[in-house]
Amino acid sequence: MKKKLIIIGGGAAGFFAAANLARENLDISILEATDEVMRKIIISGGGRCNVTHACFDPKELVTFYPRGNKELLSPFMKYACGDTMDWFSKRGVELKIEEDGRIFPITDDSKTISNCLYKNSIDRGVKLHKKTKVDQIEYLGENQFRIHTNQGIQEADYVLIATGSNVSMWKVLNDMGIKTIEPVPSLFIQYQRPSTSRALWPCL
Ligand SMILES: Cc1cc2nc3c(=O)[nH]c(=O)nc-3n(C[C@H](O)[C@H](O)[C@H](O)COP(=O)(O)OP(=O)(O)OC[C@H]3O[C@@H](n4cnc5c(N)ncnc54)[C@H](O)[C@@H]3O)c2cc1C
């Protein structure tokens, strides 16, 4: 029998995970609280979606994250901006690097990105349940989860939480005994360099 993965949250992270994990022997469902997916991608980068940044050295990349630089070095060594460019390129999305290092689809339309993520997940068998808000996750032991939603209960072998900065999900996690730390804003980091000033994605 196929193992079942439930991805909670139909934003950039949930769809990117689904697109990477979609395969025949895994039954994947995305549960999305609202009736619209990838809303933030669509408005991102002023409607153009600043997909990533032309900084290809992980050691330099972490300097843009003053609070998370130590923790991010290892993940960035495994997957960084160049890999994101390759990922979209392999799926037929052409990207362009602008003078300040920001990277956009050549269409200048964020829907190019959301459509690519949709196609590579939903068209490959990932099920999407909209208007399905998760209120509680129960761990039943032996890698079995029971997910309580406003549309009923679903069972899963794996759960992937991709609910962004949604506070109610932190409560769900705390109720499971998973600790969260006090969040702090970290977008719009602006760096003064000796001869230049640039932001990682000054996109609004
Ligand atoms: C105006 C604006 C411009 C931006 N521009 C850029 C840019 O150019 N480049 C860039 O890299 N980033 C940009 N960002 C940031 C970027 O959009 C976000 O970092 C990214 O979209 C976050 O994706 P996510 O999947 O983690 O979270 P989200 O996009 O927030 O997705 C989380 C999803 O989970 C759902 N959800 C929450 N709780 C539950 C629940 N209990 N049950 C079921 N579903 C639930 C939510 O409805 C939502 O759809 C921008 C953000 C904004 C607001």
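# A guided tour, starting at Met85

Select Met85 to begin. Met85 is buried, with a relative accessible area of 19%. Here buried means under 20% relative accessible area, exposed means over 50%, and partly exposed is in between, with a 1.4 Å probe and protein chains only. Met85 sits in helix H5. Helices (H or I, at least four residues) and strands (E, at least two) are DSSP runs, numbered from the N terminus.

A word on the model before moving on. This is a predicted model, in which local features need pLDDT of at least 70 and side-chain atom pairs count only at pLDDT 80 or more, while totals for chains, interfaces and linings use all residues. Residues are numbered from 1 along each chain as its sequence is written, and side-chain values use heavy atoms, with hydrogens and water left out.

**Stop 1: around Met85**

Which residues are in contact with Met85, leaving aside its neighbours within four places in sequence? Select Thr52, Phe56, Leu95, Ile97 and Ile103 to see them. Contact means heavy atoms within 4.5 Å. Now add Thr107. Its C-alpha atom is 15 Å from that of Met85, and the two residues are 22 apart along the chain.

**Stop 2: helix H5**

Select residues 81-90, which make up H5. Colour its buried residues: Cys81, Thr84, Met85, Trp87 and Phe88. They lie on the same side of H5, because they cover an arc of only 160° around the axis. That arc is taken from the directions from the helix axis to the C-beta atoms.

What do these buried residues pack against? Show H1, strand S3 (52-53), helix H3 (58-61), strand S4 (95-97), strand S5 (102-105) and H6. Then step past the helix to Gly92. This glycine follows H5 and has a positive phi, near 85°.

**Stop 3: the nonpolar cores**

A nonpolar core is a set of buried Ala, Val, Leu, Ile, Met, Phe, Trp, Tyr and Cys residues joined through side-chain atoms within 4.5 Å. The largest one here has 27 residues. Select Ile7, Phe15, Phe88, Leu95, Ile113, Leu117 and Val126, which have the most contacts inside it. At least two residues of this core come from each of strand S1 (3-8), helix H1 (12-21), strand S2 (26-31), H5 and helix H6 (110-119). H1 gives the largest share, four residues.

Another core, of eleven residues, lies apart from this one. Among its members are Ile6, Ile137, Ile147 and Met169.

Zoom in on Ile7. Beyond its neighbours within four places in sequence, its contacts include Gly14, Ala17, Ala18, Ile28, Ile30, Leu31 and Leu160.

**Stop 4: the four-stranded sheet**

Strands of a sheet pair through backbone hydrogen bonds, either parallel or antiparallel. Which order do the four strands of the open sheet take? Trace S6-S2-S1-S10, with parallel pairing. Two strands pair if DSSP finds at least two bridges between them. Strand S6 (127-129) and strand S10 (158-161) are the edges, each pairing on one side only. From one strand to the next, the twist averages 20°.

Look closer at S2 and S6. Three bridges join these parallel strands. Leu31 stands opposite His129 in S6.

Now show H1 again. H1 lies across S1, S2, S6 and S10, and runs at about 170° to S2. Axes are lines fitted to C-alpha atoms, for helices over the stretch in contact, and angles run from 0 to 180 degrees between N-to-C directions.

**Stop 5: a hairpin**

Select residues 134-141 and 144-149. These are strands S7 and S8, paired in the antiparallel sense over six bridges. Find Tyr139, which stands opposite Phe145 in S8. The hairpin has two residues between its strands, and Glu142 takes a positive phi near 50°.

**Stop 6: salt bridges**

Side chains of opposite charge can pair when their charged atoms come close. A salt bridge is a side-chain nitrogen of Lys or Arg within 4 Å of a carboxyl oxygen of Asp or Glu. The whole structure has twelve.

Start with Arg39 and Glu32, joined at 3.9 Å, N to O. Are these two buried or exposed? Arg39 is partly exposed, at 40% relative accessible area. Glu32 is buried, at 8%.

Next, select Arg48 and Asp108. Their closest N and O atoms are 2.9 Å apart. This pair links distant parts of the chain, 60 residues apart. Arg48 is in the loop between helix H2 (39-43) and S3, and Asp108 is in the loop between S5 and H6. Asp108 is partly exposed, at 32% relative accessibility.

Finish with Glu98 and Arg102, whose closest N and O atoms are 3.7 Å apart. Arg102 is buried, with a relative accessible area of 14%. Add Arg48, Lys96, Asp100 and Asp108 to the selection: together with Glu98 and Arg102 they are linked in a network of salt bridges.
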